[in-house]
Number of protein chains: 2
Amino acid sequence: MQSLIEIRRRIEAGSLTPEAAIRASLEAVAAGDDAIRAFVHLDPTAGPGREGPLQGIAVGVKDIVDVAGQPTGMGSPIYDGWRPFADAPVTSLLRRAGATPVGKTSTTAFAYIDPTPTRNPRNPAHTPGGSSSGSAAAVAAGMVPLAIGTQTGGSVIRPASFCGVAAIKPSYRMLPAIGVKCFSWSLDTVGLFAAGVADVAYGLAALTGRGELLPQGEPGAPRIGVVVQDFAGEADPAILQAVEQAAAAAEAEGARVTRVNLPPIFAAAFAAHATIQDFEAAQALAFEQDRHRDALPPLLRGLLDAAAGIEPGAYDAARSTANRARGALRDVFLDVDVLLTVSAPGPAPETLASTGTSAFNRLWTLMGTPCVNVPGLADARGLPLGVQVVAPFGADALALSAARFVESALRDA
Amino acid sequence: MQSLIEIRRRIEAGSLTPEAAIRASLEAVAAGDDAIRAFVHLDPTAGPGREGPLQGIAVGVKDIVDVAGQPTGMGSPIYDGWRPFADAPVTSLLRRAGATPVGKTSTTAFAYIDPTPTRNPRNPAHTPGGSSSGSAAAVAAGMVPLAIGTQTGGSVIRPASFCGVAAIKPSYRMLPAIGVKCFSWSLDTVGLFAAGVADVAYGLAALTGRGELLPQGEPGAPRIGVVVQDFAGEADPAILQAVEQAAAAAEAEGARVTRVNLPPIFAAAFAAHATIQDFEAAQALAFEQDRHRDALPPLLRGLLDAAAGIEPGAYDAARSTANRARGALRDVFLDVDVLLTVSAPGPAPETLASTGTSAFNRLWTLMGTPCVNVPGLADARGLPLGVQVVAPFGADALALSAARFVESALRDA
């Protein structure tokens, strides 16, 4: 993989020019993407952006995020050839930091669960996950050092886990979700993929101007609460074992590790996620449903048909449940700095017909908390197994620092 | 003015066809808009929509809200001739209810405070207010029975007050703000203008499918807390007197009226509004600022230049203050059903060079509470003076019922 921080180190040392760095990324895409199909549009003429902390960094942008001068296809023939007028704000933040959006990455249609043809670079017979399929795969395949994705259920953390890359779903609205095709305005969250946790942290600090996010020195040992999300269904023993391995490695390096049982309000909030998401999707995608229903892929069409029956009262009750759970989560974090749990129910399934399930991510998307996928573990077949670090809302620096601690402990173990 | 409910009554009684109702609105625009300039685009071929509670209702849509098949100009030459691909969800909700979006109404550029050429139908030497200038004026001039606006500071309630029409800024995100040009994602709220409070209530019920909003029977007498917003500056004695008149009229018909002093956290929240709005605007309008700065109008350009200096920490602190104030507001509503306060600092100023100030609306936009402008009072020159009914978040039915009570009490007084 291309490490963002390593590229920047070489640029700052004068051993690599921003031009050459962008060119290397473009060449990697050209060489590898016939097999992976991470990109749906590439600007082969792209050069470096303005001077800034991300100059020389080629970025893949999920194809529901507007980039001026490039098409935004939404993963759907309905938007074939559509070109937005403006950059999405997160695209502008990339350009302000000097980054180069080199192209658009494959997304499931409107970021739902109908799969894309993208393959998992770790094993092309397996799904890369979704909906940010191309962004995760592009980083995992070493094509670009940074990619933009979005998560409404589990569309950043799950594909990062499946593809073995680091990723952050930051606190709700830390990165603006404007100019990003909406699925659910209460849930849609823009996130980042990069090779390692420090790379992700550097990227988020550069985009937001939040210096406290920068990876500096050795991270302190966090108080970690290990969480099993029973309400989300069964996880594969291999990935549960990965969480135990990560906890043990962190404990060996000085972290305090405890077990946390989430009270029943969180199971209720987990269930509320679907009501909120689907009620909002029925409005957010009303135009597509009313005018282009036959062109919608089957799973999304079915969802929107069913969602039309959700009553406003059920939506209000679900939002109320979510608010109570957010209050209860503050109490959970009184005794631990971060939570540690699986990033997905298991390794990437051996299929291109499904992107897997977001069940182990939904609660955290609804809570609006920062989540970081820590790569580094794999099953017996070499398929990545991600573990997820969750911190309180607004504590993105803590999430990243604890995730770096776990990542480093796993490397040392 | 055209009463939405009256038009619907006639359609349901068979004495008016939906075709004739739409035609009458189009003719009213054609006859009156050269003087008022409420519309920036009109579809003269528009006919009635599908069967539904708003069939036969012509709607003016603020020109930052996407309507497929019509241009979206954002009140700025930067977007001259730009045509969006899709309807905004609120436009789809209009169509689903049978309404006809007949055209786009004048907006200040990107819904900030640089004025439009729109005139106040009550007196063309006065501003109609902003930023939803055309939507308020189109209803006040009797051109359409319903119009869509948005409020980030006071852009629904203030122009409604200036033009003497009813309006609601519903609870935050009751109407989706997707497909609406963003100024501040934490604040932007889609609202409605109509002739009277019952018309507004009928319209909102039809768009949201929330039957509890429908105006049915005589509203019950509410417990009203009269609030003076000292932190917002001085209000004109005439509009303060209007609030007293409204309170006395309501009391005479059985309402319990008390005085409410807001604790200091609300003055802090009032100040936090600007920090949140401006920090988010600097990102939401980053593309326009980075690529088209010279084409921005002077007040907006100045704001965006200054907003670039707001630190993330100041933004986080402002959001924290807003959250504390939302908590404190729940206590304020323990003793009263609704608050009653001015809708604007006074009548519409005698100028077209300013849209007036949103100071008396900002706190409520930040709180996310439903606000209803009750028309019916005027100063000695006949200029409207609006009073504002504010209810707890989610209690839109209560806000509308209490506003109908006040409106009716004023008519009886």
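**Two contacts in one predicted model**

Okay, let's start inside chain A, between its two domains: across that interface, 18 residue pairs are in polar contact, counting pairs with both residues at pLDDT 80 or more. Keep in mind that this is a predicted model.

So which parts of domain 1 of chain A touch domain 2? Helix H5 (157-163), strand S5 (166-169) and helix H6 (197-208) of chain A each give two or more residues to that side. H5(A) has the largest share, with 6 residues. If you sort the domain 1 side by class, you get 23 nonpolar, 18 polar and 5 charged residues. And how many salt bridges are there between the two domains of chain A? The count is 0.

Let me back up and say where these domains are. Domain 1 of chain A runs over 4-213, while domain 2 comes in two pieces, 223-265 and 320-412. Their centres, taken over C-alpha atoms, are separated by 23 Å. The contact draws on 46 residues from domain 1 and 44 residues from domain 2. Together, the two domains of chain A bury about 3200 Å², and carbon and sulfur atoms account for 64% of that. On the domain 1 side, look for His126(A), Phe162(A) and Val197(A): they lose the most area to domain 2, together 20% of what that side buries.

Now zoom out to the two chains. Chain A lands on chain B after a rotation of 180 degrees, with 0.0 Å of shift along the axis and an RMSD of 0.0 Å. That's the relation of a two-fold axis. Both copies use the same surface, too: 100% of the contact residues of chain A recur in chain B. Each chain puts in its share, with 38 residues from chain A and 38 residues from chain B. The area buried between the chains is about 3000 Å², with 60% from carbon and sulfur atoms.

What about salt bridges between chain A and chain B? Here the rule finds 6. One you can find on screen pairs the side chains of Arg96(B) and Asp290(A), at 2.9 Å from N to O. There are also 6 residue pairs in polar contact between the chains, again with both at pLDDT 80 or more.

On chain A, the helices supplying at least two residues each to the side touching chain B are H3 (89-96), H8 (265-284), H9 (286-291) and H11 (312-332). H9(A) gives the most, with 6 residues. By class, that side of chain A has 21 nonpolar, 6 polar and 11 charged residues.

Note on methods:
Residues are numbered from 1 along each chain as its sequence is written. Chains are lettered from A and ligands numbered from 1 in the order in which they are written. This is a predicted model: local features need pLDDT of at least 70, side-chain atom pairs count only at pLDDT 80 or more; totals for chains, interfaces and linings use all residues. Side-chain values use heavy atoms; hydrogens and water are left out. Copies are superposed by least squares on the C-alpha atoms of residues with pLDDT of at least 70 in both. Contact means heavy atoms within 4.5 Å. Buried area is the accessible area (1.4 Å probe) that two parts lose on being put together, summed over both. A salt bridge is a side-chain nitrogen of Lys or Arg within 4 Å of a carboxyl oxygen of Asp or Glu. A polar contact is a pair of N or O atoms within 3.5 Å; within protein, one must be able to donate a hydrogen and the other to accept it, and residues adjacent in sequence count only if both atoms are side-chain atoms. Helices (H or I, at least four residues) and strands (E, at least two) are DSSP runs, numbered from the N terminus. Ala, Val, Leu, Ile, Met, Phe, Trp, Tyr, Cys and Pro count as nonpolar, Asp, Glu, Lys and Arg as charged, and the others, Gly among them, as polar. Domain bounds come from an automatic or database domain assignment.
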